[in-house]
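Work through the exercises below with the coordinates open. Each task is followed by a stepwise solution.

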Amino acid sequence: MRKQKVLTVCLCGLLLLAGLWRNGQVQEVSAPAEAGRMIALTFDDGPHPVYTRQLLDGLRERGVKATFFLIGQNVEGNEELVRQMAEDGHLIGCHTESHVDLTRCTQSEARREIEEASRRIARITGEEVRYIRPPFGNWSEALAEDFPLTVVKWTVDPEDWKVREKEEIVRRVLEKTQDGSVILLHDVYPASVEAALEAVDRLQAEGYQFVTVEELLLD
Ligand SMILES: [Zn+2]
């Protein structure tokens with residue numbers, strides 16, 4: 001049987017809703033109660049040869065599991081980092097081969113973008129890619145019908161790619177994070193990686209546990 005699963009997570013004030021779309025039916029799941037004090041750090045656009053390495057080392061020291069959405073083209077030459085991600089228990093998803101807006105592609109271009117990136121990752125990890133964060137968060141019903149992937153959006157966006165300043169990124173993350181949060185960062189900027197590790201230290205001190213997106217969904 002073919003399974004279709006699309007997850008959208010949206011922030012509406014204090015209410016966090018995760019909509020799970022399975023076989024064409026939308027189920028609304030209220031995340032905070034089930035999630036407890038669990039949150040997910042997610043990183044887009046990597047891997048980056050310098051900053052992703054710093055991040056992985058920092059996460060390993062802190063015993064933190066995160067989720068990485070990789071651009072296929074960036075995997076080339078950084079295979080060792082992808083291997084380390086998998087070994088350290090991080091979840092790895094697809095962010096397309098060349099960071100395109102999938103809703104502006106033909107269906108065959110979209111297929112190439114998703115499948116090439118996913119194949120590159122799977123060749124390294126030996127595991128099929130089941131999660132995607134479409135660039136710009138843009139996804140469509142037609143894509144959902146063609147690709148049996150779980151779409152992961154986010155609830156906390158500090159716009160780190162724009163801010164590029166560690167303290168401000170940390171401040172924005174701490175201000176918005178609550179139980180069940182999915183935090184969006186990019187491991188291709190030094191300030192983002194420094195901010196991520198500092199936010200981990202401060203949120204761990206507050207009692208938050210960092211899990212992969214998959215673990216957040218299961219709990
Ligand atoms: Zn991106």
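A crossing of two helices is left-handed if the near helix is turned anticlockwise from the far one by less than a right angle, and right-handed if clockwise. The model used here is predicted.

**Exercise 1.** Describe how helix H8 and helix H9 pack.

Solution.
1. Locate the elements: H8 covers residues 166–176 and H9 covers residues 190–205.
2. Take the geometry: the angle is about 45°, and the axes lie 8 Å apart.
3. Classify the angle: angles under 35 degrees count as roughly parallel and 65 to 115 as roughly perpendicular. H8 and H9 are therefore oblique to each other.
4. Assign the hand: H8 and H9 cross in a right-handed sense.
5. List the contacts: residues of H8 including Ile 169, Val 170, Val 173 and Leu 174 meet residues of H9, among them Ala 191, Ala 195, Ala 199 and Leu 203.

**Exercise 2.** Which residues coordinate the zinc ion, and where in the chain are Asp 45 and His 95?

Solution.
1. Identify the donors: Asp 45 (OD), His 95 (NE2) and His 99 (NE2) coordinate the zinc ion at 2.0 to 2.1 Å.
2. Write the spacing: along the chain the donors follow D-x49-H-x3-H.
3. Place the pair: Asp 45 sits in the loop between strand E4 (38–44) and helix H2 (51–62), while His 95 sits in the loop between strand E6 (91–94) and helix H5 (107–125). The two are 50 residues apart and link distant parts of the chain.
4. Check burial: both Asp 45 and His 95 are buried.

**Exercise 3.** How many helices and strands does the protein have, and what percentage of its residues count as buried?

Solution.
1. Count elements: there are 10 helices and 10 strands.
2. Assess burial: 50% of the 219 residues count as buried.
3. Add the surface: about 10300 Å² is exposed, with 47% of it supplied by carbon and sulfur atoms.

Methods
Residues are numbered from 1 along each chain as its sequence is written. This is a predicted model: local features need pLDDT of at least 70, side-chain atom pairs count only at pLDDT 80 or more; totals for chains, interfaces and linings use all residues. Side-chain values use heavy atoms; hydrogens and water are left out. Donors are N, O and S atoms within 2.8 Å of the metal (3.2 Å for Na, K and Ca); water is not among the atoms, so sites may look incomplete. Helices (H or I, at least four residues) and strands (E, at least two) are DSSP runs, numbered from the N terminus. Buried means under 20% relative accessible area, exposed over 50%, partly exposed in between (1.4 Å probe, protein chains only). Accessible areas come from the Shrake-Rupley method with a 1.4 Å probe; for residues, only the protein chains shown count as cover. Axes are lines fitted to C-alpha atoms, for helices over the stretch in contact, and angles run from 0 to 180 degrees between N-to-C directions. Angles under 35 degrees count as roughly parallel, over 145 as roughly antiparallel, 65 to 115 as roughly perpendicular and the rest as oblique. Contact means heavy atoms within 4.5 Å.
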